[in-house]
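I opened the notebook to look up how this fold is put together. My entries follow the order in which I checked things.

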Amino acid sequence: MAHTLTELVMGTSPVVIDETRGFWEGTLVEQLRIQVCGACGNRQLPGGPCCSSCLSQDLSWQPASGHGTVFSFTVVRHAFHPSFADEVPYVVADVELDEGPIITSNVTDCPAESVRIGMPVKVWFDEQLEDAFHQPLRLPKFRPAEEA
Amino acid sequence: MSISGDTAIAGVGTTAFGKLPGRSAWSLQAEAARLALEDAGLTKDDVDGLFTESQFSEPLLLHGHVLGRMLGLRTNYLSTKSIGGATAISLVQEAAMAIHAGMCEVALCVFGENAKTGMPMLFGLAQMGRGQADEIAYGMAGGPVMEARSAMRYMREYSVTAEMFGSVAIACRRHASLNPAATYRDPLTMEEYLASRYVAEPLRVLDCTIAASDGAVALVVTSAERARDLRQPPAYIAGMGAGDNLDGFRDPTHYTHFAGARSSARAYAMAGIGPEDVDVAQLYDCFTSTVLITLEDYGFCKKGEAGPFALEGNLMLGGALPVNTSGGMLSEANMTGWNHLAEAARQIRGACGERQVPAAEVCVVSGHGGFQAAHATLIVTNEVR
């Protein structure tokens, strides 16, 4: 645990908290999950302590299809954080899932120049890592999907 | 009595901006505070309200407590706030409200930073990622990476070109060339703009605010009645508005429409004016795209028409709506919007020399930030209308 504080302040791994635990547990079984409100049916990401539509706390995590389209994106060419110095250029994209919510992630497995708004993408799960408290997780990322 | 015109910016203090090695953020804040009080013709013993925003470098909890002790103040109202780029305006609004409510009479509003030569802003940058649902794990670190998604969508939906973004940068640089305090004063051509490297497409280096500046800004806000007896012509606070979209980039409409439409509508209503009455605007320019979207949100242009409006040169001195007459954050200094407020008061005084907008009677200021989520508007005028 020696590096926990440094990792918390300067690290780049997510931190698994109660509100997001169900999401990250899903990634360990290669499932992209959305938080669903039992009272009004609202679907939201990221997870929260209540439904942002009706404030109900009757929430559960449901698997999503893993399909979506690129709503917007950027090709990052300057590493603002030292952890990403070897990654540039990389694509950060907001993916609109078929179920509705928008999730921020990366689009991989294609040239950065080929990414477009509206491009269909499909989730994949990166290798397992640990957060600052040694809780396991896998980052969901997206790659181009076959056009329907 | 309405709060419109009931308070005024009566003192402005700015330090040098840029690289100021050996100057702590506290030292710069103290200098700006002294200059603002001297400008108003007041002493620190007149101050009974303190409104501060903490610096990113050397951040401390209870910033206002610490600065107030350093300045030897005895306050009746103390506030330290952090809502991103809307903080500066929001604090001035809070000062006006506190004065109007009788909670204090002379408010000192202060911000200062030494992130250029002092402790790096990495801590702040890391925290910026943290605030957004672990997005830093995907390399969502740094303001340009966050804002680029908005710029990309805005270009796509409204056929905005790189040259339209560039015309914002060029106007700010033109104004900075007339401002001895500005960091970047060399003229900027469209060729130079287009040749500048991408940091996060579609944003180039020259689309982005100066990354970090050393410097400080302080403002004295007091009642209109008291301001009239002070050293400088008052910049009356005629309109105030605020609006937030805290859902941010989870809301598909948020990429191309900010809460500035709500915020400015409330400010116009309070001031009893409309966009057609505005002589000069200081618009929060963390990015060129932000300025264009704000021009539309504020009713200066119809949706999708701010780009062509800028390209025609309308943002320049002599144009239809001079914007960011100090050079703004793109060319003067990154004072997270505080320099826009200083410039607004100085334009209303007619004290801007070569960059003065003739007969500047109404100035609009926008503040915008915190992942584009928070927005605030201030309208200052030369008379109570």
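I started with one residue pair in a predicted model. Val106(B) has Thr222(B) as its bridge partner in E7(B).

I then looked at the strands around that pair. Strand E4 of chain B covers residues 106-114, and strand E7 of chain B covers residues 214-223. The two pair in the antiparallel sense, over nine bridges.

Next I traced the sheet outward. I found nine strands in an open sheet of chain B, ordered E3-E2-E4-E7-E1-E8-E11-E10-E9. The pairing is mixed. At the edges I noted strand E3 (77-80) and strand E9 (280-282) of chain B, each pairing on one side only. I also looked up the twist: neighbouring strands of this sheet are turned by 25° against each other on average, direction ignored.

Then I turned to helices on the sheet. Helix H2 of chain B, residues 63-70, lies across E2 (49-52), E3 and E4 of chain B. H2(B) runs at about 130° to E2(B). Helix H9 of chain B, residues 260-271, packs on the sheet too. H9(B) touches strands E8 (235-244), E10 (362-369) and E11 (374-381) of chain B. The direction of H9(B) makes about 150° with that of E8(B).

Last, I took the chain as a whole. Chain B has 13 helices and eleven strands. Its C-alpha trace spans about 55 × 40 × 40 Å along the principal axes. Does the radius of gyration of chain B point to what a compact globule would have, or away from it? I found 19 Å for chain B, which agrees with the value near 21 Å for a compact globule of 385 residues. Buried residues make up 63% of the 385 in chain B.

Technical notes. Residues numbered from 1 in each chain as written. Chains lettered and ligands numbered in written order. Predicted model: local features only at pLDDT ≥ 70, side-chain atom pairs only at ≥ 80, totals over all residues. Pairing = 2+ DSSP bridges. Helix = DSSP H or I, 4+ residues; strand = E, 2+ residues; numbered from the N terminus. Axes fitted to C-alpha atoms, helices over the stretch in contact; angles between N-to-C directions. Contact = placed C-beta atoms within 7 Å. Rg over C-alpha atoms; globule rule 2.2 N^0.38 Å. Buried ≥ 20, exposed ≤ 12 C-beta atoms within 10 Å, placed from the backbone.
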